[in-house]
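Me: I have a chain to look at, and I want the reasons behind the labels. Can we take them one at a time?

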Amino acid sequence: MRIGYGWDSHEFKAGIPLKIGGVTLRHDQGLGGHSDGDVLLHAITDALLGAIAGPDIGSLFPPSDPQWKNADSAVFLREALQRVRSAGYALVNLDSTLILAAPKIGPHAGAIRQHVAQLCGIPADCVGIKAKTPEGMGTEDAAIAHVAVLLKRSES
Ligand SMILES: [Zn+2]
């Protein structure tokens, strides 16, 4: 078995859609930076790549490369899953913690869990989606994601 860990953060910016776990959430700000700014999918991608000691997301998809501007982050996740398969592993489960001041994730956690499970090809009860507010951290302008994954050797 292998474990992997990923972390990511993006700054909130006005006038762009907010996407977390591939789900667009209604909010007055979105996450700027690399691609569509999907902090959760980026952390999952890095956790998967880390579990197989692969290159990190920034090496595979450099933020400086214009082809990744506004890209759907599901593209990065699919590449990481493909690399996991090629290395002879399969994803068992993943757990995540989101840290952001707003919007509240609770009402959307079910939808995010379903979507991430579908993208990863694992059951929804193998996807943990937890959220906290940044008490005393001073990171109200950012969304942060921590992700742990467990891989097992493929059957074949
Ligand atoms: Zn990112």
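Reply: Start with A53, which is found in the loop between α1 and α2 (57-60). Keep in mind that this is a predicted model.

Me: What makes the phi of A53 worth a remark?

Reply: Its sign. Phi of A53 is near 55°, a positive value, and A53 is a residue other than glycine.

Me: What makes the peptide bond from A102 to P103 cis or trans?

Reply: Look at omega. The value is near -5°, and the bond is cis. P103 has its place in the loop between β5 and α4.

Me: Now the sheet. Which strands form it, and in what order?

Reply: Five strands, in the order β4-β1-β7-β5-β6. The sheet is open.

Me: Why are β4 and β6 called edge strands?

Reply: Count the sides on which they pair. β4 (29-31) and β6 each pair on one side only.

Me: How do you know that β5 and β7 count as paired?

Reply: Two strands pair if there are at least two bridges between them. Strand β5 (residues 89-99) and strand β7 (residues 142-153) have ten bridges, so they count as paired. The sense is antiparallel. Two of the matches are L98 with A145 in β7, and Y89 with R153 in β7.

Me: What makes β1 a partner of β7?

Reply: The cut-off is at least two bridges. β1 and β7 have ten, so they pair. Their sense is antiparallel. R2 stands opposite L151 in β7.

Me: What makes the pairing of the sheet mixed?

Reply: Set two pairs side by side. β5 and β7 pair in the antiparallel sense. β5 and strand β6 (residues 127-132) pair in the parallel sense, over six bridges. The sheet has mixed pairing. Between β5 and β6, L98 stands opposite A131, and I99 stands opposite K132.

Me: How does the chain get from β5 to β6?

Reply: Through helix α4 (residues 109-120). This is a β-α-β crossover.

Me: Why is that crossover called right-handed?

Reply: Point the strands away from you. A path from the first strand over the helix to the second that runs clockwise is right-handed. The crossover from β5 through α4 to β6 is right-handed, so its path runs clockwise in that view.

Me: Where does α1 run relative to α3, and what makes the pair roughly parallel?

Reply: The axes of helix α1 (residues 39-51) and helix α3 (residues 74-86) come within 9 Å. They cross at roughly 15°. Angles under 35 degrees count as roughly parallel. That makes α1 roughly parallel to α3. The crossing is left-handed.

Me: Which residues make the contact of α1 with α3?

Reply: From α1, L41, H42, I44, T45, L48 and L49. From α3, A74, F76, L77, A80, L81, R83 and V84. By class, there are ten nonpolar, two polar and one charged residues.

Me: Why are α1 and α4 called oblique?

Reply: Their axes cross at roughly 40° and come within 12 Å. Roughly parallel needs an angle under 35 degrees, and roughly perpendicular runs from 65 to 115. The angle of α1 and α4 falls in neither range, so the two helices are oblique to each other. Their crossing is right-handed.

Me: How do you know that the contact of α1 with α4 is nonpolar?

Reply: By the classes of its residues. L40, L41 and I44 come from α1, and I112, V116, L119 and C120 from α4. Leu, Ile, Val and Cys count as nonpolar. The contact has seven nonpolar, no polar and no charged residues.

Me: Last one. What does Y5 touch, and how far is its C-alpha atom from that of I99?

Reply: Y5 lies in strand β1 (residues 2-14). Y5 touches D46, A47, H146, V147 and A148, leaving aside residues up to four places away in sequence. The C-alpha atoms of Y5 and I99 are separated by 16 Å, with the two residues 94 residues apart along the chain.

Terms used:
Residues numbered from 1 in each chain as written. Predicted model: local features only at pLDDT ≥ 70, side-chain atom pairs only at ≥ 80, totals over all residues. Heavy atoms only, no water. Helix = DSSP H or I, 4+ residues; strand = E, 2+ residues; numbered from the N terminus. Axes fitted to C-alpha atoms, helices over the stretch in contact; angles between N-to-C directions. Parallel < 35°, antiparallel > 145°, perpendicular 65-115°, else oblique. Left-handed = near helix turned anticlockwise from the far one by under 90°. Contact = heavy atoms within 4.5 Å.
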